[in-house]
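New to this one? Here is a quick briefing to read alongside the sequence and the 3D view.

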Amino acid sequence: MLKHDSMQVSQDQPIYSEAPLQLLLFIDGRPKSKQQVQRIRAYLKDLQAEYNFELQIIDVGQQPYLAEHFKLVATPALIKIHPEPRQILAGSNIITQLKNLWPRWQAAVDTYVKLQEDLQERVDDNGRVAQPTSTINSVAVSAELLRLSDEIFNLKQEKEKLIEQLQFKDRVIAMLVHDLRNPLTAAAIAIETLQSNYNPDIGQFQRLKPALVVNLLRQARTQAKTIDKMIADLLQVGRGTDTELIIIPQKTEIGLLCLEVLGELRDRYTTKAQKVETDIPQDLPCVYADPERIRQVLINLLDNAIKYTPEGGTISIAGLHRTTQKVQFSIGDTGPGIPTDNRERIFENHYRLERDEAKEGYGIGLSLCQRIIRAHYGQIWVDSNPHGGAWFHFTLPVYPS
């Protein structure tokens with residue numbers, strides 16, 4: 001707050017000054033400047049005993065907005081704010097500077113007082129006598145405006161951060177909810193197959209070999225665990241304030257992971273009589289990645305491939321040890337493909353091709369796929385399939401041997 005040096009003035013009230021000479025002394029809490037400030041204040045007090053002027057003491061630690069208002073680069077600093085022109089004294093020799101300028105300041109005040117006396121005799125067009133404005137009060141108002149402006153800026157930043165958090169939650173939750181359908185469908189099919197072939201009268205499965213029963217039970221249990229993990233992710237996203245995906249990288253066999261996802265989606269592509277071709281080298285190295293996050297990428301890319309590939313079409317999956325540090329994985333389809341002009345924007349959140357407005361897909365999944373891959377310091381892109389359709393490629397770091 002503004003501190004008055006000679007009169008008892010309430011800190012909570014605006015200060016109105018009638019003194020023609022008005023000075024501001026900016027101080028700080030540094031121990032090394034304490035003695036200099038004491039000398040300056042003592043000198044000003046001696047001057048004030050002989051000459052009437054208004055002095056305000058301002059602690060920059062309490063009023064940084066005023067320091068910003070006057071663009072101060074050092075303290076202590078003494079500022080003559082009235083009469084104009086404004087002058088700033090700073091450095092280690094403020095008292096010396098003040099001694100040299102004091103006669104000029106007194107002369108400027110005398111000139112100002114004479115002008116005010118002349119103005120008192122004039123009346124403006126509205127019949128009111130022109131009155132001088134209070135400069136120190138206007139400085140206090142400016143300081144308050146700067147403080148409010150700073151608070152508004154901080155509130156805008158907090159608002160933008162909250163919006164970013166909400167948008168991030170919306171995208172992740174939408175993707176997780178979308179991906180929940182696949183393990184739910186796989187678990188439901190396994191359970192329904194077991195139930196429809198179970199004869200409670202004899203306590204046995206009919207038309208199902210023991211090995212198939214074991215496989216269906218294993219699949220149902222695996223999918224239930226996947227669902228449980230995804231629900232836990234949903235709860236974590238709902239509670240958290242993060243705007244980035246949590247990645248827990250580990251040694252991951254991406255080829256095996258892809259085959260597991262294909263097993264979950266088998267009913268989807270077999271219903272459309274689609275052919276799946278895989279080219280995953282046996283010596284493809286493991287990647288250093290979060291298996292659950294990469295599973296989400298694979299599910300979304302394969303889900304789109306199945307969706308956009310016509311009945312009887314082909315879905316291609318390929319792995320490539322691209323460099324000693326990167327593995328490239330690719331998923332292709334024989335659908336309509338992605339127009340060249342849209343290949344960058346296809347990864348934007350909620351971006352949809354005009355032809356796909358009536359379809360579900362290519363809205364949220366690809367945006368999150370890109371965030372997942374980038375969180376692994378990889379890249380994801382799309383280009384054309386030589387046989388028609390689209391090829392989606394992404395890279396992941398090789399697990400260090």
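## How far to trust the model

This is a predicted model, and the mean pLDDT of the protein is 79, with 79% of its residues at 70 or more. Start with the confidence, then take a look at a few strands and two residues.

**Confidence along the chain**

- Strand E10 (residues 287-289) is where confidence is highest, at a mean of 96.
- At the other end of the scale is strand E1 (residues 2-4), where confidence is lowest, with a mean of 41.
- Residues 351-355 stay under 50 in pLDDT, and the model gives them 20 contacts beyond four places in sequence.
- Another stretch, residues 357-363, also has pLDDT below 50, and here the model shows 26 contacts beyond near neighbours in sequence.
- A word of caution: where pLDDT is low, don't read the predicted coordinates in detail.

**Strand E12 and its partners**

- Strand E12 covers residues 326-332, and 6 of its 7 residues are buried, so the rest of the structure largely encloses it.
- E12 pairs with strand E11 (residues 314-320) in the antiparallel sense, over 5 bridges.
- Getting from E11 to E12 takes a hairpin of 5 residues.
- To see the E11 pairing up close, find Ile317, which stands opposite Ile331 in E12.
- E12 also runs antiparallel to strand E14 (residues 390-397), and 7 bridges join these two.
- For that pairing, a handy spot is Ser330, whose bridge partner in E14 is His393.

**Val60, a loop residue**

- Val60 sits in the loop that links strand E3 (54-59) to helix H2 (64-69).
- Its relative accessible area is 18%; buried means under 20%, so Val60 counts as buried.
- Setting aside neighbours within four places in sequence, Val60 is in contact with Phe26, Ile27, Asp28, Ala67 and Thr75.
- Asp28 is 32 residues away from Val60 along the chain, yet their C-alpha atoms are separated by 5.7 Å.

**Gln370, a helix residue**

- Gln370 belongs to helix H9, which spans residues 365-375.
- Is Gln370 buried or exposed? With a relative accessible area of 15%, Gln370 is buried.
- Not counting residues up to four places away in sequence, Gln370 touches Phe347 and Ile380.

Note on methods. Residues are numbered from 1 along each chain as its sequence is written. This is a predicted model: local features need pLDDT of at least 70, side-chain atom pairs count only at pLDDT 80 or more; totals for chains, interfaces and linings use all residues. Side-chain values use heavy atoms; hydrogens and water are left out. Helices (H or I, at least four residues) and strands (E, at least two) are DSSP runs, numbered from the N terminus. Buried means under 20% relative accessible area, exposed over 50%, partly exposed in between (1.4 Å probe, protein chains only). Contact means heavy atoms within 4.5 Å. pLDDT is the predictor's confidence in each residue, from 0 to 100. Two strands pair if DSSP finds at least two bridges between them.
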